[in-house]
Amino acid sequence: MDVMELAKRRGFFWPSFEIYGGAGGFYDYGPLGTLLKWNIIETWRKIFVIEEGFYEIDTPTVNPEEIFIASGHVDHFVEQMVRCKSCGEAYRVEDMLEELRMSVESLTSEETEEKLRNLKCPNCGGDFGKTEEFNTMFRTSIGPAGGKTGYLRPETAQGMFISFRRLSKIARGKLPFGIAQIGRAYRNEISPRQGVIRLREFNMAEVEIFFDPEENSTHPKFKEVENEKIRILPAENQEERKKGEEVEVTLREASERYFLNEFFSYYIWLTKRFLLEIGIPEKALRFRQQLDEERAHYSADTWDAEVKTERFGWVEVAGHAYRTDYDLKRHMEFSGEDLSVFVAFESPREVEKLKVYPRMERLRKKMKGQALGKLIEITKKENEKILRELNEKGELEFDGVRLTREDFEVKKEKERVTGKKVIPHVIEPSYGIDRPIYCILELNYLEEGERIYLRLPPKIAPIKCGVFPLVSKDGLPEVAKEVDSLLRKRGIYTYYDESGSIGRRYARMDEVGTPYCVTVDYQTLEDGTATLRYRDTKEQIRLRIEEIPSFILREMGVLC
RNA sequence: GCGGCCGUAGUCUAGUCUGGCCUAGGACACUGGCCUUCCAAGCCAGUGACCCGGGUUCAAAUCCCGGCGGCCGCACCA
């Protein structure tokens with residue numbers, strides 16, 4: 001028996017499109033898997049949206065092409081492809097060049113084509129044409145034939161950057177603030193394998209925290225957690241990927257020695273909390289710093305949360321990227337919109353500043369009216385730039401006229417500055433949903449002789465409570481059904497079962513991680529009590545029926 | 001994408017090499033009934049499979065070709 005088999009058989013998840021032969025990289029969630037997924041998402045929302053107060057949004061999965069040109073995905077998500085001129089067969093350039101022991105990255109496109117001219121099509125011996133770029137994002141078109149090119153998003157993050165201006169207004173211009181998004185993303189993987197670990201369509205939950213790198217390096221809640229410990233594997237300890245010596249440090253130490261700042265540490269801590277709450281055992285968790293060559297194009301530093309699994313080894317379940325101001329800057333550049341935030345100082349500051357003014361009496365002789373008008377305008381707008389140029393070169397050219405320092409007057413002025421414009425930097429904690437689901441199942445899967453059970457935290461278990469009549473006669477089923485509906489009315493997901501022996505019914509519930517079972521027996525008919533059995537210990541206690549719903553909610557930690 | 005191995009009910013598997021005795025066998029699970037006073041008990045009955053397509057043959061789960069999918073290694077994994 002293994003957990004994948006259990007997942008399929010009991011309806012957690014299975015490969016999609018089975019009756020048509022399937023397609024790699026797609027999985028269905030079954031009834032139990034769907035419940036489990038929502039419970040995980042709810043746990044996540046409780047931490048990030050409710051406790052931390054990050055604003056949750058929901059943006060489209062299909063995006064126009066410009067967005068991914070600006071974000072860098074169109075350039076960085078490509079593979080080169082080449083077609084044979086006579087038979088039309090397509091090949092990956094990388095595979096072709098491998099025979100020459102060359103890598104594409106080290107060559108320009110002209111050089112690549114030059115090399116390919118010496119090779120022949122393995123299929124028909126024909127010549128190769130020009131290289132084409134093959135992007136592994138899912139491409140689609142928006143609107144009817146000839147419409148706009150679009151892509152399915154490879155991360156939910158872009159939606160949060162695109163709407164930054166609006167979101168910043170809603171956050172009333174304050175920094176730092178965080179945006180959260182839960183949703184699907186798509187990557188047309190070359191060869192997805194490893195079941196639910198590597199999907200072409202997957203679920204993720206991401207947060208973008210926007211902050212002012214000059215002001216917000218400390219986090220108000222950091223003090224509460226600074227002595228908590230985490231296990232980390234910094235880049236300096238990795239002679240190669242996935243291997244190396246882990247160190248146990250406090251968040252304070254990590255913050256001083258390894259991480260960008262307290263801010264970053266705090267979010268690493270939240271990740272640990274989240275993963276422990278959904279049932280990842282602490283001993284199977286570590287934070288690993290990505291090596292330079294692994295990092296995404298937008299990241300200056302990335303630490304992954306990794307979970308050690310039996311089947312797949314260390315699995316990355318969350319990443320924490322320091323995206324700097326890369327995304328906002330790029331979107332500013334490509335959209336022409338100002339995505340900076342005005343940060344007011346606590347009190348206005350007096351600043352002495354050098355300002356440059358055109359000397360009108362001299363300039364009137366040098367240039368015509370219209371050009372002079374333009375110069376005045378530009379001097380107002382780009383005062384600093386002109387001053388710098390004059391200082392560095394001693395002159396500047398404007399509208400074909402050479403202007404020297406003598407044409408300008410430089411004055412020292414006091415200026416009242418009330419704040420500054422900041423392009424926020426971004427820390428991105430990004431979580432997979434599908435991968436943790438697998439990890440939770442595998443790491444909580446226990447076999448004790450004949451008995452198989454999933455030791456899921458009650459809060460995330462799909463079914464909370466089994467409800468059984470001890471035997472299916474003498475009016476017991478009727479009472480048990482009443483108990484069942486009592487629980488459901490309180491929002492507790494139950495499973496009513498009266499078939500087979502009582503032991504078999506407990507076993508069925510154990511197998512899918514149901515933490516509690518309530519059994520109605522003959523004593524129930526006399527005094528209105530029923531037994532409540534715990535999954536992990538198999539112990540039973542007796543409770544009055546009407547107390548059961550609140551009791552279970554308290555046990556789950558939902559009620560206090 | 002490359003190379004190796006593989007694909008039989010819900011699950012695990014027998015059968016494949018050596019084509020016919022396969023109307024495809026078993027175990028567990030599941031459904032219905034009987035029984036059953038707390039941990040997969042028992043009895044009876046039942047549902048349910050040769051990945052898809054083509055070929056060879058009198059005859060294909062079995063041999064051949066193609067596709068799809070899976071596992072392992074390489075590559076890829078923003």
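So, the surroundings of RNA strand B: 44 residues sit near the strand, meaning a heavy atom within 4 Å of it. The closest are F77, R198, A296, S501 and R508. Quick caveats: this is a predicted model, where local features need pLDDT of at least 70, side-chain atom pairs count only at pLDDT 80 or more, and totals for chains, interfaces and linings use all residues. Residues are numbered from 1 along each chain as its sequence is written, chains are lettered from A and ligands numbered from 1 in the order in which they are written, and side-chain values use heavy atoms, with hydrogens and water left out.

What do those residues look like chemically? They split into 17 charged, 14 polar and 13 nonpolar. By charged I mean Asp, Glu, Lys and Arg; nonpolar is Ala, Val, Leu, Ile, Met, Phe, Trp, Tyr, Cys and Pro; the others, Gly among them, are polar. On the RNA side, 47% of the atoms within 4 Å of the protein are sugar or phosphate, and the rest belong to bases.

Now some polar contacts, that is, N or O pairs within 3.5 Å. R198 has a side-chain N or O atom 2.6 Å from a base oxygen of RNA strand B. E5 puts a polar side-chain atom 2.8 Å from a sugar or linking oxygen. With A296 the backbone does the job: a polar atom there is 3.2 Å from a sugar or linking oxygen.

Which helix gives the largest share of the surface near the RNA? That's α18, with six residues. Helices here are DSSP runs of H or I, at least four residues, and strands are E runs of at least two, numbered from the N terminus. α18 covers 502–511, and α1 (3–10), α5 (93–98) and β27 (529–534) each bring at least two residues as well. Within α18, R505, Y506, M509, D510 and E511 are buried, so under 20% relative accessible area with a 1.4 Å probe, protein chains only. Just past α18, G513 has a positive phi of about 80°.

Over to α12, residues 326–335: its buried residues are Y326, D327, L328 and H331. They pack against α3, α7, α8, β11 and β16, contact being heavy atoms within 4.5 Å. G336 follows α12, again with a positive phi, near 75°.

Last, the whole chain. Chain A has 20 helices and 28 strands, and 49% of its 560 residues are buried. Of its contacts with a separation of 6 or more, 67% join residues 24 or more positions apart.

Terms used
Buried means under 20% relative accessible area, exposed over 50%, partly exposed in between (1.4 Å probe, protein chains only). A polar contact is a pair of N or O atoms within 3.5 Å; within protein, one must be able to donate a hydrogen and the other to accept it, and residues adjacent in sequence count only if both atoms are side-chain atoms.
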